[in-house]
Amino acid sequence: MKMKALTAALAMFGTAGFAAEKQLDIGVSDALTGGAAVYGLPQSNAVQMAAEEINAAGGIKVGDDTYMLNVIAYDDKANPTEASNAVRKLIDRDSVKFILGFCCSGATGAVASFIENEDAVMLVGNAAERSITTREIPNLVRTRPPADYTGAAAGTFVAEKGHKKVAVLGALDVGFYASYVDAFEKELNKAGGAIVTRESFGLKDRDMSPQLTKIREMQPDAILVVGYVEPAAFIYRQAVELGIDVPRYGFTSGSEEQFLRVASSEQMEGVWDLRPTELTLLSASDNGIAYHKNYSEKFGIAPSPSSPYAYDQTYALKDAIEAAGTVDDTEAVAAALRGLAVPDEVVMQYLPVDKKMFDVNGQAYTSNGAFQWQSGNWVFVQDLPSDAAAYSAFLSTID
C-alpha cells in the first residue's frame, strides 16, 4: 500500500510539476547541393545548430509542455520546382508547420506564391528579391533585407569615393542582383556618376575574360561585381590577370575560405563587398564570435557570413511559439512573429522598426556595411547609410 501511494503521489506531482516533453518537427528547404550550396548548406547547418542549442537549454516551453526540435531538411537545389516539391513534402508528408532556410530568390519566390494558402509559417533567410515581402503574405517573414535596400546604400558609398564611371559585371538575369544595381545606379547618378556598361554572366560561367576585356577598353574608374561567390571570385582573379587596376566593388557575401578556393589572397586584396552587415569575425558581436566558434567546431569549416540569417530565424521562431502559446495555431505564431522584439541570441545586427524585429510586411532589416579584403580577411570598414523605417514605409507602398 505504501508503494502504491508513493507511486500515485509521484504521478500526481509529475503531472502538476513537470512539463511533458514532446517533439516538434521543423523543416528546412534550401540549396544543399549545386552552385548555391555555398549559401544554402551553411543555412541548413545553422538551423540544425540553433535547434540543438535550444534543445540543450531546455527546449521550447508551451503551457505545460516542452518541445524538443527535430530538423527535417530537403535539398531544393535553388530550383523553383525542386523547392515547391520539397515544401509540399514537408507539409503533406511530414506534417511540418514551420519551414526555414530559403537562400535563393527564384526558389523562394516559387514557394511564396502558394504558402499563404497553407497551414504553415515560412521563414526566409538569405533570399534577397524584394517582391518576397511585398506580397502581403501574413505567414511569411524574412531576416535578410531586400537587395535594393542595400544597393542604394552601396551607390551612395561608391559615389562618395569619387567614382564617375562604373562598369557593372553581374548575374543580371537574376532579379535581386538587377534590383541591387538599379538602386545603386540611382544613387550614383544623383552624385554625377554613371554606369558605363552592364555586362552579364551566367551563374555557371567561369571565364569572364571577354566581358572584362570589353570593360578594360572602356577605362572605367571602378567595377561593380554582383553574383554568387564562385563566379565573382573568378572575376576578381581574372581582372588582376588582365591588368585592370581600378577599385573592385561587389555584392556577393561569402567567407574567406570560399573565395580562396578560386583566387589568391593577393588577387583579392583591396576588393570591397557592400552588403548587409553580416558575420565577419573581426567585427563580430559577442554572439557572432560564439556562433563562429561553435559552428566551426561542429562542422569543421568556418560559417559563411550570411548563414546566421537562418540561425536567427530559429530563435525568432522559438520566441514566437512561446509568445503565442501554441505549436498548432500557425496564424497565432505568424502574428507573434510580427510583434516580436529582436531575440537576445541573434547574430546579425538588426535595426528594429517600431521596436519590432519584423515590420508590417514581415521584413527584418540589418545595418549595411562596407567590408574590404585586407591581408586575407574581410574587414569591416564602416557602416553604409541605412534607414530601416523609411525603407519599410516605401516597401509598404509596393504592390
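This is a chat about a predicted model of one protein chain, covering its confidence, cores, cavities, pockets and a few single residues.

Reader: Before I set anything up, what is the mean pLDDT of the chain?
Author: The mean is 92 for this predicted model, and 94% of the residues reach 70 or more.

Reader: Good. Where does pLDDT stay under 50?
Author: That happens over residues 1-17. For that stretch the model has one contact beyond four places in sequence.

Reader: How should I treat coordinates in a stretch like that?
Author: Where pLDDT is low, the predicted coordinates should not be read in detail.

Reader: OK, on to packing. Which residues touch the most other members in the largest nonpolar core?
Author: Tyr177, Leu224, Phe259 and Leu274 do, in a core of 59 residues. Helix 8, residues 229-241, supplies the largest share of this core, with seven residues.

Reader: And what does Phe259 touch?
Author: Leaving out residues up to four places away in sequence, Phe259 touches Val229, Ala232, Ala233 and Tyr236. Its other partners are Thr252, Ser253, Gly254, Met268, Trp373 and Trp378.

Reader: What about a second core?
Author: There is a separate one with 43 residues, including Leu69, Tyr311, Ala320 and Val327.

Reader: Now voids. How many cavities of 30 Å³ or more turn up?
Author: Two, from a search of the whole structure. The largest cavity holds about 110 Å³ of space.

Reader: Which residues lie nearest the centre of that largest cavity?
Author: Asn126, Arg144, Phe176, Tyr177 and Thr252, out of 13 lining residues. Two of those names came up already: Tyr177 is among the core residues that touch the most other members, and Thr252 is one of the contacts of Phe259.

Reader: What's the lining like by class?
Author: The largest cavity is lined by eight nonpolar, three polar and two charged residues.

Reader: Switching to open sites. How much space is in the largest pocket?
Author: About 490 Å³. It has 21 lining residues, and Asp148, Tyr149, Ala152, Ala183 and Tyr391 are the closest to its centre.

Reader: Which elements give two or more residues to that lining?
Author: Helix 5 (147-160), helix 6 (175-190) and helix 14 (388-395). Helix 6 gives the most, with six residues.

Reader: For charges in a docking grid, what does the lining look like by class?
Author: The largest pocket has eight charged, eight nonpolar and five polar residues in its lining.

Reader: And the second largest pocket, what volume does it have?
Author: Its volume is about 370 Å³. Among its 22 lining residues, Ala36, Lys77, Ala78, Leu203 and Tyr228 lie nearest the centre. Helix 4 (105-115) and helix 8 are the elements that give two or more residues to this lining.

Reader: Same class breakdown, please?
Author: The second largest pocket has twelve nonpolar, six polar and four charged lining residues.

Reader: Back to Ala78. What's its phi?
Author: It's positive, about 60°, although Ala78 is not a glycine. Most residues other than glycine have a negative phi.

Reader: Where is Ala78 found?
Author: In the loop between strand 3 (65-75) and helix 3 (80-93). Ala78 counts as partly exposed because its relative accessible area is 22%, and buried would need under 20%.

Reader: Which other residue has a positive phi, near 55°?
Author: Ser95, which again is a residue other than glycine. Ser95 sits in the loop between helix 3 and strand 4 (98-101). At 56% relative accessibility, Ser95 is exposed, since the cut-off for exposed is over 50%.

Reader: What about Lys164, where is that found?
Author: In the loop between helix 5 and strand 7 (165-170). Lys164 has a relative accessible area of 40%, so it is partly exposed.

Reader: What is Lys164 in contact with?
Author: Beyond its neighbours within four places in sequence, Lys164 contacts Ala191, Gly192, Gly193, Ala194 and Asp221. As for Phe358, it is 194 residues from Lys164 along the chain, and their C-alpha atoms are separated by 36 Å.

Reader: Last one, Ser285. Where does it lie?
Author: Ser285 is in the loop between strand 11 (272-276) and helix 11 (286-299). Its relative accessibility is 31%, so Ser285 counts as partly exposed. Ser285 and Gln349 are 64 residues apart along the chain, with 8.6 Å between their C-alpha atoms.

Notes: Residues are numbered from 1 along each chain as its sequence is written. This is a predicted model: local features need pLDDT of at least 70, side-chain atom pairs count only at pLDDT 80 or more; totals for chains, interfaces and linings use all residues. Side-chain values use heavy atoms; hydrogens and water are left out. pLDDT is the predictor's confidence in each residue, from 0 to 100. Contact means heavy atoms within 4.5 Å. A nonpolar core is a set of buried Ala, Val, Leu, Ile, Met, Phe, Trp, Tyr and Cys residues joined through side-chain atoms within 4.5 Å. Buried means under 20% relative accessible area, exposed over 50%, partly exposed in between (1.4 Å probe, protein chains only). Helices (H or I, at least four residues) and strands (E, at least two) are DSSP runs, numbered from the N terminus. On a 1 Å grid over the protein atoms alone, a cavity is a set of points where a 1.4 Å probe fits but cannot get out, and a pocket is an open set with protein on both sides within 12 Å along at least five of seven lines; lining residues have an atom within 4 Å of a point. Grid points are joined across faces, edges and corners, and a volume is the space filled by probe spheres set on the points. Ala, Val, Leu, Ile, Met, Phe, Trp, Tyr, Cys and Pro count as nonpolar, Asp, Glu, Lys and Arg as charged, and the others, Gly among them, as polar.
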